[in-house]
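These are my notebook entries on one protein chain. I began with a single residue and then turned to the chain as a whole.

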Amino acid sequence: MSDDGVRPARVRMLHLGAGAFFRAHTAVFTEDAHAGDPAGERWGVAAVAHSSPAVVRALRARDGRYGVLELGGGTARGRIVGAVREAHVAAEEPAAVRARLADPEVTVVTVTVTEAGYHHDPVTRRLRAHDPDLQADLAGDPHRTVVGLLVAGLGDRAAAGAPGLSVLVCDNVDDGGPLLAGLVAEFCARTGRGALADWVAEHVRFPTTVVDRIVPSPDERARALVREHLGWADEASVVSETHRQWVITDDLAAPRPAWERAGALLVPDAGPWARAKLRLVNAPHTALALLGGLRGHTTVAGAMADAGLAAAVTALLDEELVPTVPAVPRLDPDATARSSLARFADPALAHPLAQIAADTSLKIGPRLLAPALELRRAGRAPVGIAAVLGAWVYALRHAAALPRDPHAPRLVAAAATDDPVRAVLGLDDLVPAELGHDREFLALVTEAHDRLVTDGTPREDTSWT
């Protein structure tokens, strides 16, 4: 049961992607939105997993309740969260999910499906035309993608005459709200649903949001810690760090939870916040994953304990990432960078590098390529970013195993050529052409790649397992 023993009476919010991050972040913010207003309405959430029934079974077994254990600084603080009122598997229950999307009582949809879940090209920010799941959705049921499911549900909502709603992207993508709005409009155009596109443009808002909380994928260690500290056993419980942040563009179409009571920031434009967070938190995370994985480390804290890696990531932040962060009110880039490094070094979470290294081809754009492009336009040589990209190409060419990536076959084939750096960075749907054809930048990445091949530090039998 939630901390005060009161559970929400009805579902007002739908969440697509019922993974660990949602359970430790968005659901917690939503439950805490009644703080300071005990008589106010508590928002119940319908949580939707894409295709895996395990979490849904676990949530249903405990009436939507699960444990969250916050670790950090040698302390542990736990709670039972009760914001989830129902749970569904979209692949098995598409009609139930569509019904919630059309429900006039539901006025907020939040989304965490990872970068790969939007089925888009990171450079063009358009739908991947040849993606088999997308092609299936464009042809009709069943709904395999979040965009296809949203369009179907919004179509039901429009047909029922229900009011508009707000769709909040809570993934680490640059300008996620406009991205999803554009993908929905493109899907409507591809399926001849121009009237629905017009309805969505008038009645639905897609505000950009920025989320920040380190939440490792749950494993038996995490569940054991929850049992130890909370005396609570279930398969949906998660551990997280103590830090949490949520910044939301204040452009919502309908009633919402009072997330600001839980510490969320409502700002005129969260876009600069998103770019700052991607460069000050996610970019060094990716650097640690790629460089640390090749040096045999398996966790973020283990990589940070490697003095050489810690120095390299610190220099990357100080020299190339902090200088490219846009001006953001109430945000100090240097202080945020120091905070990120301290968070990474805390061994409490045992955050796997494999989790961060997954889907690298979709992550490097806003995290590393965008600041590299800005530095190149300013006449600077992004040596640190080039070193991380060199490690990525080296891993594609030499590592025994790689984390998942939707573009893995193409990437591995490109890395197997005589000029792997030029071939990988020449994939212009993943890398801006201005960088992929920049001879000086390619030379920097090639030098970093060749250094890994010759200096013997990384071993070809290492992986992120």
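With which residues is arginine 125 in contact, leaving aside its neighbours within four places in sequence? I looked this up in the model, which is a predicted one. I found arginine 125 in contact with His120, Asp174, Asp175, Leu179 and Leu183.

**Entry on arginine 125.** I located arginine 125 in the loop between strand E6 (108-111) and helix H5 (132-138). Its relative accessibility is 31%, so I recorded arginine 125 as partly exposed, a class that lies between the limits of 20% and 50%. I also checked its position against valine 424: the two are 299 residues apart in sequence, and their C-alpha atoms are 19 Å apart in space.

**Entry on valine 424 and the cores.** I next listed the contacts of valine 424, again without neighbours within four places in sequence: Trp392, Val393, Leu396, Leu411, Ala414, Ala415 and Val431. Valine 424 belongs to the largest nonpolar core, which has 77 residues. Within this core, Ile385, Leu389, Trp392, Val424 and Leu425 touch the most other members. I noted that helix H10 (residues 271-294) gives the largest share of this core, 12 residues. Another core, of 38 residues, lies apart from it and includes Ala27, Val56, Ala87 and Val108.

**Entry on leucine 71.** Is leucine 71 buried or exposed? Its relative accessibility is 9%, and the cut-off for a buried residue is under 20%, so leucine 71 counts as buried. I placed leucine 71 in strand E3 (residues 66-72). Beyond its neighbours within four places in sequence, I found leucine 71 in contact with Ala76, Leu225, Val239, Ser240, Glu241, Thr242, Ala348 and Leu349. For one of these partners, threonine 242, I looked up the distance: its C-alpha atom is 5.9 Å from that of leucine 71, although 171 residues separate the two along the chain.

**Entry on the whole chain.** I counted 20 helices and 12 strands in the protein chain. The radius of gyration is 22 Å, close to the 23 Å that the globule rule gives for 465 residues, so I recorded the chain as being as compact as a globular protein of that length. Its C-alpha trace spans about 65 × 55 × 40 Å along the principal axes. Buried residues make up 57% of the 465 residues. Of the contacts with a separation of 6 or more, 78% join residues 24 or more positions apart. Finally, I noted an exposed area of about 17,600 Å², of which carbon and sulfur atoms supply 52%.

Definitions and conventions:
Residues numbered from 1 in each chain as written. Predicted model: local features only at pLDDT ≥ 70, side-chain atom pairs only at ≥ 80, totals over all residues. Heavy atoms only, no water. Helix = DSSP H or I, 4+ residues; strand = E, 2+ residues; numbered from the N terminus. Rg over C-alpha atoms; globule rule 2.2 N^0.38 Å. Buried < 20%, exposed > 50% of the residue type's maximum accessible area, 1.4 Å probe, protein only. Contact = heavy atoms within 4.5 Å. Areas by Shrake-Rupley, 256 points an atom, 1.4 Å probe, with all protein chains shown as cover. Core = buried A, V, L, I, M, F, W, Y, C linked by side-chain atoms within 4.5 Å.
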